[in-house]
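Visitor: Hi! I'm new to reading structures, so could you walk me through this one?
Guide: Happy to. Let's open it up and take your questions as they come.

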Amino acid sequence: MSRMCEGRVVVVTGAGRGLGRAHALAFAAEGAKVVVNDLGVGLDGTPGADGPSLHVVEEIRAAGGEAIAHGGDVATSAGAASLVAAALDTYGRLDTLVNNAGFLRDRMLVNLDEDDWDAVVRVHLKGHFLPLKHAAVHWRAEAKAGRTPAARIVNTSSGAGLLGSVGQSNYSAAKAGIVGLTLVAAAELARYGVQVNAIAPAARTRMTERTFADTMTAPDSGFDAMAPENVSPLVVWLGAEQSAGVTGRVFETEGGRITVMEGWRPGPTADKAARWTPEEAGETALKLLGRAEVPGRVYGA
């Protein structure tokens with residue numbers, strides 16, 4: 001039986017640990033050649049002592065797969081360009097990009113430093129934009145040359161980006177931005193044969209096992225709902241040709257559950273066909289809110 005990603009070349013950022021590692025191993029198990037990117041930084045983005053991407057490459061090769069390591073910073077144009085070049089120079093093609101790299105610097109808003117805001121937004125949001133851009137430039141050139149690809153991009157948002165999370169304003173803002181980036185990229189790149197989707201995963205990683213320690217602990221037996229490997233099957237499918245026609249979507253995934261998120265959509269409305277007074281606007285807004293669905297609860301509130 002042919003494997004789902006046989007012959008495809010897949011790039012996964014932040015693939016040295018946690019979700020990224022699980023994705024890289026899952027793609028390799030389905031026949032993909034994998035470029036394993038990881039900068040090897042600590043939980044807060046400071047330089048680490050080892051190169052975890054090399055360990056993942058060794059795991060893939062030990063299982064009979066093909067993979068190379070890339071240690072560049074994908075939140076720089078040079079690093080993102082070299083990531084795409086690594087796939088093309090080594091394997092001669094690029095089919096799927098999984099944007100996953102990120103770290104945390106959690107603070108309540110009044111204690112959040114500007115540097116901590118910039119650092120988190122940089123790695124999550126800019127670290128999605130730049131690899132996406134450089135991959136898209138390649139795929140656009142392929143399409144214009146008459147070789148329209150079956151290309152796939154899977155971005156990584158979060159429940160924090162969809163609902164908010166107390167103590168994570170920088171992270172939540174970046175993850176919400178990734179949803180917006182996904183929607184625009186899906187619309188712009190469709191003509192070149194590129195599909196762009198996002199996931200909002202819940203799983204046990206270095207970032208979550210501290211923040212949500214009570215819910216992330218592995219059980220002594222039975223199904224481990226928070227294992228990062230539970231998220232990867234959906235990511236593999238989104239990165240494969242079999243997902244043809246699915247683009248501009250956000251999926252929440254946790255354990256054995258997959259949810260299609262419907263995002264912001266129009267709810268109750270009122271039209272006066274003229275300018276409101278402030279009092280009228282307020283009275284109307286309250287009436288509309290009374291008819292609207294209650295929004296999801298902010299994590300930690």
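Visitor: Which residue forms a salt bridge with Lys272?
Guide: That partner is Glu280, and the closest N and O atoms of the pair are 2.7 Å apart. Keep in mind that this is a predicted model.

Visitor: Is Lys272 buried, partly exposed or exposed?
Guide: Lys272 counts as partly exposed, because its relative accessibility is 34%, and the limits for that class are 20% and 50%. Glu280 is partly exposed too, with a relative accessible area of 29%.

Visitor: Which residues are joined into one network by salt bridges that share partners?
Guide: Arg21, Glu59 and Glu229 are linked that way.

Visitor: How many salt bridges does the structure hold?
Guide: The count is 13. One of them pairs Arg93 with Asp95, where the closest N and O atoms are 2.7 Å apart.

Visitor: And Asp95, buried or exposed?
Guide: Asp95 is buried, with a relative accessible area of just 5%. Its partner Arg93 is partly exposed, at 41%.

Visitor: What does the side chain of Arg147 meet in a salt bridge?
Guide: It meets the side chain of Glu142, at 2.9 Å from N to O. Arg147 is partly exposed, with a relative accessible area of 48%.

Visitor: Let's switch to helices. At what angle do the axes of α1 and α2 cross?
Guide: They cross at roughly 25°, and the axes come within 10 Å. Helix α1 covers residues 18–29, and helix α2 covers residues 52–62.

Visitor: Why are those two called roughly parallel?
Guide: Angles under 35 degrees count as roughly parallel, and the crossing is at roughly 25°, so α1 and α2 get that description. Their crossing is right-handed.

Visitor: Which residues of α1 and α2 meet?
Guide: From α1 you have Arg21, Ala24, Leu25 and Ala28, and from α2 there are Val56, Glu59 and Ile60. That contact divides into 5 nonpolar residues, no polar ones and 2 charged ones. Arg21 and Glu59 may ring a bell, as both belong to the salt-bridge network with Glu229.

Visitor: Can we look at Ile60? Buried or exposed?
Guide: Ile60 sits in helix α2 and counts as buried, because its relative accessibility is 2%.

Visitor: What does Ile60 touch, leaving out residues up to four places away in sequence?
Guide: Ile60 touches Ala24, Leu25 and Ala28, along with Val34, Val36, Gly65, Glu66 and Ala67.

Visitor: How far apart are Ile60 and Glu262?
Guide: In space they are 36 Å apart, C-alpha to C-alpha, and in sequence they are 202 residues apart.

Visitor: One last helix pair, please. How do α4 and α6 pack?
Guide: Helix α4 (residues 114–144) and helix α6 (residues 169–189) pack at an angle of about 15°, with axes 8 Å apart. That makes them roughly parallel, and their crossing is right-handed.

Visitor: Which residues make that contact?
Guide: On the α4 side they include Trp117, Leu125, His128 and Phe129, and on the α6 side they include Tyr171, Lys175, Ile178 and Leu181. The contact of α4 with α6 divides into 14 nonpolar, 5 polar and 2 charged residues.

Conventions. Residues are numbered from 1 along each chain as its sequence is written. This is a predicted model: local features need pLDDT of at least 70, side-chain atom pairs count only at pLDDT 80 or more; totals for chains, interfaces and linings use all residues. Side-chain values use heavy atoms; hydrogens and water are left out. Axes are lines fitted to C-alpha atoms, for helices over the stretch in contact, and angles run from 0 to 180 degrees between N-to-C directions. Helices (H or I, at least four residues) and strands (E, at least two) are DSSP runs, numbered from the N terminus. Angles under 35 degrees count as roughly parallel, over 145 as roughly antiparallel, 65 to 115 as roughly perpendicular and the rest as oblique. A crossing is left-handed if the near helix is turned anticlockwise from the far one by less than a right angle, and right-handed if clockwise. Contact means heavy atoms within 4.5 Å. Ala, Val, Leu, Ile, Met, Phe, Trp, Tyr, Cys and Pro count as nonpolar, Asp, Glu, Lys and Arg as charged, and the others, Gly among them, as polar. A salt bridge is a side-chain nitrogen of Lys or Arg within 4 Å of a carboxyl oxygen of Asp or Glu. Buried means under 20% relative accessible area, exposed over 50%, partly exposed in between (1.4 Å probe, protein chains only).
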